[in-house]
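This briefing looks at how aromatic side chains are arranged in one protein chain, and at the confidence that accompanies the model.

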Amino acid sequence: RKNYGCTLFIIGRDMAGSKSCLDGEDFYGAYDAQNLAAEMAPELGMQTVPSLNVVYTEEEGYVTADIAKAKGLTEMKLSGTKFRKMLRAGDDIPEWFAF
């Protein structure tokens, strides 16, 4: 009953994301939630499945962020704020962003 029959727990990057209203800094690191879940997995009787940070690059398309950084690839970025503005304006969303 402790895990309601679940055996796997998929946890994304920055799942515990929360910013301070005083300075705008994150309370937790981007992978803190994944690390905590992995630490607690044996007690819960579950296996964690971390979701990697995937980015889109001009040169190779979708790769993990660590590979893009290691190879010096050019990352294409679209913030959530800009994405919402584009939706409201009826602008076309880049195909690479809407996979």
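**Aromatic cluster and model confidence**

One aromatic cluster is formed by Tyr56, Tyr62, Phe83, Trp96 and Phe97. The coordinates come from a predicted model, and the structure holds 4 aromatic pairs, two of which are described below.

**Aromatic pairs**

- Phe83 and Phe97 make up a tilted aromatic pair, with 4.8 Å centre to centre and 50° between the planes.
- This pair links distant parts of the chain, since Phe83 belongs to helix H3 (residues 80-89) while Phe97 lies in the segment after H3, 14 residues apart.
- Trp96 and Phe97 form an aromatic pair that is edge-to-face, with 5.9 Å centre to centre and 85° between the planes.

**Exposure of the paired phenylalanines**

- Phe83 counts as partly exposed because its relative accessibility is 24%, a value that is not under the 20% required for a buried residue and not over the 50% required for an exposed one.
- Phe97, with a relative accessibility of 28%, therefore also counts as partly exposed.

**Confidence**

- The protein chain has an average pLDDT of 84, and 94% of the residues score at least 70.
- Confidence in the protein chain is lowest in strand E1 (residues 8-11), where the mean is 85, and highest in helix H2 (residues 65-71), where the value is 93.

Terms used: Residues are numbered from 1 along each chain as its sequence is written. This is a predicted model: local features need pLDDT of at least 70, side-chain atom pairs count only at pLDDT 80 or more; totals for chains, interfaces and linings use all residues. Side-chain values use heavy atoms; hydrogens and water are left out. Rings of Phe, Tyr and Trp (its six-membered ring) pair if their centres lie within 6.5 Å; planes under 30 degrees apart count as stacked, over 60 as edge-to-face and the rest as tilted. Helices (H or I, at least four residues) and strands (E, at least two) are DSSP runs, numbered from the N terminus. Buried means under 20% relative accessible area, exposed over 50%, partly exposed in between (1.4 Å probe, protein chains only). pLDDT is the predictor's confidence in each residue, from 0 to 100.
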